[in-house]
Amino acid sequence: MKRHMLATALALTAAPMASAEIFITPIAPELPSGIASEPVGWGNDPSQPCGANWLQGMVGQPLSYAYATDAAMNARILRPDAVVTMDYIPHRLNFHVDKADMISRIACG
């Protein structure tokens, strides 16, 4: 009887551990060609400390592509006729978009 109870207890404690090994991989939309694989800000171009040079392949693409790569998560999105500060921060990434949210320019500042 004790062996049966021990086996049942071991089976019940092993069940939650087995479920902890399941991983779900998020599915991202297919990205356009020309997007660099280096993370933002890791470029070796001193004139582009924010990493904008790595993302120039996104110009002409919808802003949603920038969000799919996490590039726009900490960036400033500049829309037409938007009021923005004029301070220059070299490590800040700016996405300039048109009225249709298509990326027209990517720059530091």
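This is a short walk through one predicted protein model, from its overall layout to a few single residues.

I'll start with confidence, since the model is predicted. The mean pLDDT of the protein is 73, and 58% of its residues reach 70 or more. One stretch to treat with care is residues 37–42, where the pLDDT is below 50. Beyond near neighbours in sequence, that stretch has 9 contacts in the model.

Now the layout. The protein has 2 helices and 3 strands. Read from the N terminus, the order is α-α-β-β-β. Of the 109 residues, 23% count as buried. If you take the contacts with a separation of 6 or more, 41% of them join residues 24 or more positions apart.

Next, the core. In soluble globular proteins, nonpolar side chains tend to be buried together. Here the largest nonpolar core has 16 residues. Which of them touch the most other members? They are Met 58, Leu 93, Phe 95, Ile 103 and Ile 106. Three elements give two or more residues to this core: helix H2, covering 63–68, strand S2, covering 93–97, and strand S3, covering 103–108.

Take Ile 103 as an example from that group. Leaving out residues up to four places away in sequence, Ile 103 touches Met 58, Val 59, Gly 60, Gln 61, Pro 62, Leu 63 and Ala 66. On the same terms, Ile 103 also touches Phe 95, His 96 and Val 97. If you have the structure open, click on Ile 103 and look for Phe 95, one of its contacts.

Staying on strand S3, we come to Ala 107. Is Ala 107 buried or exposed? Its relative accessible area is 9%, and buried means under 20%, so Ala 107 is buried. Among residues more than four places away in sequence, Ala 107 touches Cys 50, Ala 52, Arg 92, Leu 93 and Asn 94. There is also a distance to note here: the C-alpha atoms of Ala 107 and Asn 53 are separated by 7.9 Å, while the two residues are 54 residues apart along the chain.

Now the empty space. The largest pocket has a volume of about 160 Å³. It is lined by 13 residues, and those nearest its centre are Arg 76, Leu 78, Asn 94, Cys 108 and Gly 109. Where does the lining come from? Strand S1, which covers 76–78, supplies at least two residues, as do S2 and S3. The largest share, 3 residues, comes from S3. By type, the lining divides into 6 nonpolar, 4 polar and 3 charged residues.

Last, two loop residues with a backbone angle worth pointing out. Asp 81 sits in the loop between S1 and S2. Its phi is near 65 degrees, which is a positive value in a residue other than glycine. Asp 101 is in the loop between S2 and S3, and its phi, near 60 degrees, is also positive in a residue other than glycine.

How exposed is each of the two? Asp 81 has a relative accessible area of 74%; exposed means over 50%, so Asp 81 is exposed. Asp 101 has 27%, which puts it between the 20% and 50% cut-offs, so Asp 101 is partly exposed.

To recap: S3 gives two or more residues to the largest nonpolar core, S3 supplies the largest share of the pocket lining, and S3 holds the buried Ala 107. That is the end of the tour.

Note on methods
Residues are numbered from 1 along each chain as its sequence is written. This is a predicted model: local features need pLDDT of at least 70, side-chain atom pairs count only at pLDDT 80 or more; totals for chains, interfaces and linings use all residues. Side-chain values use heavy atoms; hydrogens and water are left out. A nonpolar core is a set of buried Ala, Val, Leu, Ile, Met, Phe, Trp, Tyr and Cys residues joined through side-chain atoms within 4.5 Å. Buried means under 20% relative accessible area, exposed over 50%, partly exposed in between (1.4 Å probe, protein chains only). Helices (H or I, at least four residues) and strands (E, at least two) are DSSP runs, numbered from the N terminus. Contact means heavy atoms within 4.5 Å. On a 1 Å grid over the protein atoms alone, a cavity is a set of points where a 1.4 Å probe fits but cannot get out, and a pocket is an open set with protein on both sides within 12 Å along at least five of seven lines; lining residues have an atom within 4 Å of a point. Grid points are joined across faces, edges and corners, and a volume is the space filled by probe spheres set on the points. Ala, Val, Leu, Ile, Met, Phe, Trp, Tyr, Cys and Pro count as nonpolar, Asp, Glu, Lys and Arg as charged, and the others, Gly among them, as polar. pLDDT is the predictor's confidence in each residue, from 0 to 100.
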